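Here is a short report on a single chain. It moves from the surface to the interior.

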Amino acid sequence: MTRTAWSRPAAARARGFTLIELLVTVTIISILVGAVVINIDFRNVGKSVRNTAQRTGLLMDLAADQAVYSRLQFGIRFHPESYEFYVLNENDDGDSTWEIFEDGQLRFRPEDVPVEFQVDISGVPIVLEELLVELEDATEEDPMKPHVIFLSNGEIIPDFRILISDLDGEFRYQVATGEVLPVVVEQLEGS
């Protein structure tokens, strides 16, 4: 007579796990691992700072090119954590004023990691203020003007150095006036 699984002694049946028990265990572990992975912060701070520096340099090159092609003067003004582009528009009365340039291309695009800007113009550090504060303080006699100007003849004035770093200062890049290229992006040592 053959013995069935039900007629075996209890010690013999307790040796292994059933398929259902294994599947439930694997499912629970998978859910826990998924929850942990979702909560892990995958931001790469160094890459985000590098991307911001490269994008800033490329946008400055684009503004310089657009100034030449459109025969307009463009500029860029920096703030502690952002920047915006300007265009010099002529008013009806013949005066020219700098106005924020509303464009899909020439604009600051924040990364998921906040960055900090520091600006030196011709070797002199500039104190940067938030855009809203500057807009409140701007008057008709003292309007907001860009820090760097892209002239329609292809020149970029004045000499500049923009330091871009994460808030901890661990990763640092500079966008500066170049000797061969008009705008150069470099990683600073210690980053």
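How much area does the chain expose, and what share of it do carbon and sulfur atoms supply? The exposed area is about 12,800 Å², and carbon and sulfur atoms supply 55% of it. Areas come from the Shrake-Rupley method with a 1.4 Å probe; for residues, only the protein chains shown count as cover.

This is a predicted model: local features need pLDDT of at least 70, side-chain atom pairs count only at pLDDT 80 or more, and totals for chains, interfaces and linings use all residues. Residues are numbered from 1 along each chain as its sequence is written, and side-chain values use heavy atoms, without hydrogens and water.

**Fold.** The chain has four helices and 10 strands. These are DSSP runs numbered from the N terminus (helices H or I, at least four residues; strands E, at least two). Their order is α-α-α-β-β-β-β-β-α-β-β-β-β-β. Of the 191 residues, 29% are buried, meaning under 20% relative accessible area with a 1.4 Å probe, protein chains only.

**Core.** The largest nonpolar core holds 30 residues, and Met60, Phe78 and Phe117 are among those with the most contacts inside it. Such a core is a set of buried Ala, Val, Leu, Ile, Met, Phe, Trp, Tyr and Cys residues joined through side-chain atoms within 4.5 Å. Helix H3 gives the most, with seven residues.

**Contacts.** Contact means heavy atoms within 4.5 Å. The table leaves out neighbours within four places in sequence.

| Residue | In contact with |
|---|---|
| Phe78 | Thr56, Met60, Tyr83, Phe117, Val119, Leu128, His147, Ile162 |
| Thr52 | Phe108, Glu111, Val115, Phe117, Ile164 |

Thr52 lies in helix H3. Thr52 counts as buried because its relative accessibility is 2%.

Note on methods. Buried means under 20% relative accessible area, exposed over 50%, partly exposed in between (1.4 Å probe, protein chains only).
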